[in-house]
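Welcome to my notebook. I opened a structure that was new to me and wrote down what I looked up, entry by entry.

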Amino acid sequence: MGNILLLAAFLCMVSMPAVAVSGVETDVEALKKDVEILKQEVGELKGAVQSLKDERKATETVAVAVFPASLNGEAVDYKDVLIEGLNRAFESQERFVPAFSYYALDRRLGAQPLGDRGDGNSWDRSNPWETGKPDTAHVSAEAKKLGVDAALLVSITITGTEKDGIGVYLLDVSRGKWLSRETRTPLKHTLSGILLRKSGEIEALVKRVFFEYRMAHES
């Protein structure tokens, strides 16, 4: 009888650590599951925050100041076409708002007059062989004074030759970088000498630099 009791006691002692180890393993598995659940919840929260940021970016407006254009050759008579192209571009791009404009845009756009800011100083004409490029220092300084996000300038050259073309330049004020698009296109009929109204091309180039601005700030 005594031997039987000793054997039973020995068996109990051997089995007890196994139970304890089994209990620890169960706790570890439960912790692992909790950690995985927390990771999943954190991932979902990150996704929700990013979605909110994306939605905010999608609804934020970009204040634009339209500076004087560089109208070269017969482009001095192209101002109405320029204004038409600008109106169409802003009307189709609701996020980009003309806060100030050197030109009298459609009243519905609500642009305030730019006045004589930049008049004659917005373009660098130091190279006599070129029609000029925007003067970065001057335009940037004036845009910051106005408190806008971007400055828009257009260059149009009409000579009745292969040099005819349109250039659109958008200064990203916060980054100090230009986004530009240029195209060579006939703007004067060779035989009749009539100026070709290509406001659609102006609109397309403006919309392109607006798109590039948006992509740069959403990336």
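**Entry 1: Asp-172**

I started at Asp-172, which touches Asp-149, Lys-177, Tyr-213 and His-217, leaving out residues up to four places away in sequence; touching, or contact, means heavy atoms within 4.5 Å. I should say early that this is a predicted model, in which local features need pLDDT of at least 70, side-chain atom pairs count only at pLDDT 80 or more, and totals for chains, interfaces and linings use all residues. Residues are numbered from 1 along each chain as its sequence is written, and side-chain values use heavy atoms, with hydrogens and water left out.

I found Asp-172 in strand β8; helices (H or I, at least four residues) and strands (E, at least two) are DSSP runs, numbered from the N terminus. Is Asp-172 buried or exposed? Asp-172 counts as buried because its relative accessible area is 3%, where buried means under 20%, exposed over 50% and partly exposed in between (1.4 Å probe, protein chains only).

I then checked the polar contacts of its side chain: one of 2.8 Å to the side chain of His-217, and one of 3.1 Å to the side chain of Ser-174. A polar contact is a pair of N or O atoms within 3.5 Å; within protein, one must be able to donate a hydrogen and the other to accept it, and residues adjacent in sequence count only if both atoms are side-chain atoms. I also noted that Asp-172 and Leu-152 are 20 residues apart in sequence, with 9.3 Å between their C-alpha atoms.

**Entry 2: Ser-174**

Next I followed the contact to Ser-174, in the loop between β8 (165–172) and β9 (177–184). Ser-174 is exposed because its relative accessible area is 61%. Beyond four places in sequence, I found Ser-174 in contact with Asp-149 and His-217.

**Entry 3: the cores**

Which residues have the most contacts inside the largest nonpolar core? They are Leu-86, Phe-90, Leu-152, Ile-156 and Leu-170, in a core of 32 residues. Such a core is a set of buried Ala, Val, Leu, Ile, Met, Phe, Trp, Tyr and Cys residues joined through side-chain atoms within 4.5 Å. I saw that β1, α2, β7, β8 and α4 each supply at least two residues of this core. A second, separate core has 15 residues, including Val-139, Val-148, Tyr-169 and Val-173.

**Entry 4: two helices**

I looked at α2 (residues 79–92), whose buried residues include Leu-86 and Phe-90. Among the elements covering the buried residues of α2 are β1 (62–66), β3 (96–101), β7 (150–158) and α4 (199–218).

I turned to α4 and checked its length: its 20 residues should span 28 Å at 1.5 Å a residue, and its end C-alpha atoms are 29 Å apart, so the two agree. The expected span is 1.5 Å times one less than the number of residues. Val-209, Phe-210 and Tyr-213 are among the buried residues of α4, and the cover over its buried residues includes β1, α2, β3, β7, β8 and β9.

**Entry 5: confidence**

Last, I read the pLDDT, the predictor's confidence in each residue from 0 to 100. The chain averages 83, and 77% of the residues score at least 70. Over residues 4–12 pLDDT stays under 50, and the model has 0 contacts for them beyond four places in sequence. For residues 51–56 pLDDT also stays under 50, again with 0 such contacts. Where pLDDT is low, the predicted coordinates should not be read in detail.
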